[in-house]
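Biologist: Please take me through one part of this model in detail. I would like to look at the open sheet and what packs on it.

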Amino acid sequence: MSLAAGTHYLAIPGPSVIPDAVLRAMHRPAPNIYTGELREVVDSLLPDLRWVARTRHHVAIYIANGHGAWEAALANVFSRGERALSLSTGVFADGWADMAEAMGIAVDRLDFGKRAAIDLARVEERLAADTAHEIRAVMCVQVDTASSVKNDIAGLRAALDRVGHPALLMVDCIACLGVDPFEMDDWGVDVMVTGSQKGLMTPPGLSFVFFNGKADAARDRADCVTRYWDWRPRVEPQGFYQFFCGTAPTHHIYGLRAALDLMKAEGLERIWERHAILASAVWAAVDAWGAAGPLELNIREARLRSHAVTALRIGAPHGTALRNWVSENAGVTLGIGLGMASPDDPNSDGFFRIGHMGHVNAQMVMGALGSIGAGLAALDIPHGRGALDAAAEVLAGGAQGGRGGARA
Ligand SMILES: *Cc1c(COP(=O)(O)O)cnc(C)c1O
């Protein structure tokens, strides 16, 4: 029989679990969009969004998913025919690059595969060769949600600076803002895009483009910009109707306010630390299972792994079989393998992902891991012992009053 009745855990890498406080904040009649409380709530969001991104610069809010923020960011800095350098470490940088090409931007791509981070030496070499400075922007993801690799953004800025290249640094933090540490200003990021539905714990439908003065100067001559995506009116809260280019996303505003309140109450460093410990617990369990079976972490080096999502390899057809088993029998939905298809495995059945971003705590992670353990046993997939003990050890070391310092 199925044991799935009860609270379901959507352990996919976005949309993430929505806190009850966010759902409650959204459960209200439609407010007036011209005057009153809503405007004050919007005003209150801006400093808190900057706080999450660690920036003193601008943030434009769009009623769109992450793809909308991608297009907005491109539209404000490029003219048709200009050149970008895209750094691919999985799936999402290519999606952004494809969008740029569709807008008439010439994109050079460096591909680092699906199990590795950006190789900064290769980037530096490519930038040094661009002596005419034709490359207007370097585009990448901080975390690729398909491979679960985390790139070194500060290192990328250092590479640009070492060769004295003036290109803008544009980073997609959709998977990992409010999860993995990110420092927009300290790391010299010029444009950062993110969405509401992952680390920010709010339903999909809002996205954000953060940009500094250097990026805004590019806006002066960018001929890709169109009225809707123009970021300039969106940083002038005086014109409230222009600010959203139409009706405000009323209920998302209340939901995001509640989500940011949760984040401010916990503190950004503590949020980062919680995710680091929970992710380390997942990795410890997988290492134990993988000691005697096919399961393995897609990213071998711990320092290159995101704390938002873990991509796993288990061999076809086990990935899909395991996902189905835990969903039907244990009430946990795991993420599909994304972008990992090969001739031997055309549907990525040998892969799955565990999302552990946002409103996630120790018992949820242990529940997901225990369910996966039950699925491995039920499906007779070979696996090593002691995975839950290994995860519990990590939690014991990381939790308050624990022994401390146990995490990788
Ligand atoms: C989820 C995600 C996107 C796409 O966001 P949508 O809201 O689905 O458009 C882009 N980049 C990364 C890194 C993501 O994780």
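Modeller: Two strands pair if DSSP finds at least two bridges between them. Strands (E, at least two residues) and helices (H or I, at least four) are DSSP runs, numbered from the N terminus. This is a predicted model, where local features need pLDDT of at least 70, side-chain atom pairs count only at pLDDT 80 or more, and totals for chains, interfaces and linings use all residues. Residues are numbered from 1 along each chain as its sequence is written, and side-chain values use heavy atoms, with hydrogens and water left out.

Now the sheet. Five strands form an open sheet in the order S1-S11-S12-S10-S9, with mixed pairing. Its edges are S1 (9-11) and S9 (296-297), each paired on one side only. S1 and S11 (residues 332-336) run parallel, joined by three bridges. Leu10 has Thr333 as its bridge partner in S11.

Next, the helices. H11 lies across S11 and S12 (351-355), at about 160° to S11. H12 (residues 362-378) lies across S1, S11 and S12, at about 80° to S11. Axes are lines fitted to C-alpha atoms, for helices over the stretch in contact (heavy atoms within 4.5 Å). Angles run from 0 to 180 degrees between N-to-C directions.

Look at Arg323 in H11 (residues 318-330). Beyond its neighbours within four places in sequence, Arg323 contacts Leu334, Gly335, Ile336 and Phe352. Arg323 is buried (under 20% relative accessible area, 1.4 Å probe, protein chains only). Arg323 has no salt bridge (a side-chain nitrogen of Lys or Arg within 4 Å of a carboxyl oxygen of Asp or Glu). The nearest side chain of opposite charge, Asp349, is 5.4 Å away; Lys and Arg count as positive, Asp and Glu as negative, while His and the chain ends are not counted.

Notes
Buried means under 20% relative accessible area, exposed over 50%, partly exposed in between (1.4 Å probe, protein chains only).
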